[in-house]
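Biologist: Please open the model, and let us go through its helix packing together.

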Amino acid sequence: MTVGLNAFLTVSGLLFAIGVFGVLLRRNTLVIYMSLELMLNAVNLALVSFSRYNATPEHTMMDGPVFVFFIITVAAAEVAVGLAIIVALYRKGGTVFVSELNTLNN
Amino acid sequence: MEDILFYIFSAGILVSAFLVVASRNPVNGAMFLIVAFVGIAALFVLLESFFLAVIQVLVYAGAVVVLFLFVIMLLDVEGSEKIRPRVLSVVAGSLAFALMVLGVLALFASGLGGPEPDLPIQTAAALSRNFGYELFTKYMLAFQLIGFLLLAAMVGVIYISKGGQSTAPQSVKKGEEVAQ
C-alpha cells in the first residue's frame, strides 16, 4: 500500500475538525451528540493507523487496536447514558435545544 | 487499487460527516452517520484491523445509530429546526474549523507519504490471535473493568429513564391506600 501514515492522519484530523464544527454550530443536543461520536471515531482512526504503521515483526503493536476496542465499549455505554439524560431533559423541559436549556441562567 | 479505495472511502467519510453536521433533519443526519461509520470500518480493513472493522459496524453502525434514531423518533422534535443558527456560533464554528484544518495542513504540508509500514501483510487469523492474546493477558484487568462499567451504565440508564426517583415507596403507598 503506497498510502502513507500522513494520509490517514489527515483524514482523521479533518473528521475531528468537522466534529468540532458541528458541536459549535448546532443547537440540537442530538446532533451535537452525533458530532461527538464523529470526533471519537476520528481519534480511533488515528490510533489504529499509528499502531499499523509502527508495527514490526518483533512487536506487532496490538496495543492500539486493543485501546480502540476499549474506546468503542466506553463510547457505547456513554451513548446509552447520554441519550437517557437527553430524554430526561426533554421530559422535564420539553426541548432538546441548548439555547432553550437555560434553567441555571434564571 | 488500495490507494483508489482509500481515496474513495476517505471522500465518502468526510462528505457524509459534513452532511451529518449540516442536515436540518436529525433523521437524515443519523443516516449519514451510518455512512461515515461504515466508511471508517472500511479504512480499518485497509489498515488490516479486521476485528475492529467488524466491531465498528456492529456497535456503531448497528447499536449506536439505532439508539440515536430511536431517541430522535421518540422525542419527535421535527420542524423546530427551522431556526437559523446564531451568527456567533457560525463564526465560532467556522473559526475553529479553519484553525484545525490549517493545523492539519501545516503538519502534513510535506505530503501524504509519511513512514512506511515495517510489517508485511499478515493473515487475519494471526492478527486475531495477537489481538486476543493481548486482550486476555496484558489487558485482563481493563477487560474486567469494562464489563463492570457496562453493567453500571445499564443500571444508570434504567434508573434515569424511569424518571430518576425510586418507584418502590410509591407502590407501597398505593398499596396502603388500596388497603384502606
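**Helix packing and core**

Modeller: The axes of α2(A) and α3(B) come within 12 Å and cross at roughly 175°, where helices are DSSP runs (H or I, at least four residues) numbered from the N terminus, and axes are lines fitted to C-alpha atoms over the stretch in contact, with angles from 0 to 180 degrees between N-to-C directions. This is a predicted model, in which local features need pLDDT of at least 70 and side-chain atom pairs count only at pLDDT 80 or more, while totals for chains, interfaces and linings use all residues. Residues are numbered from 1 along each chain as its sequence is written, and chains are lettered from A and ligands numbered from 1 in the order in which they are written.

Biologist: Which orientation does α2(A) have to α3(B)?

Modeller: Angles over 145 degrees count as roughly antiparallel. The axes cross at roughly 175°, which makes α2(A) relative to α3(B) roughly antiparallel.

Biologist: How many residues does α1(A) give to the largest nonpolar core?

Modeller: A nonpolar core is a set of buried Ala, Val, Leu, Ile, Met, Phe, Trp, Tyr and Cys residues joined through C-beta atoms within 7 Å, buried meaning that 20 or more other C-beta atoms, placed from the backbone, lie within 10 Å of a residue's own. The largest has 65 residues, and A:Leu15, A:Leu30 and A:Met34 have the most contacts inside it. Helices of both chains, among them α2 (29–53) of chain A and α3 (50–75) of chain B, each supply at least two residues. The most comes from α1(A), with 15 residues.

Biologist: What share of the 180 residues in chain B is buried?

Modeller: Chain B has 7 helices and 0 strands. Its buried residues make up 21%.

Notes
Buried ≥ 20, exposed ≤ 12 C-beta atoms within 10 Å, placed from the backbone. Parallel < 35°, antiparallel > 145°, perpendicular 65-115°, else oblique.
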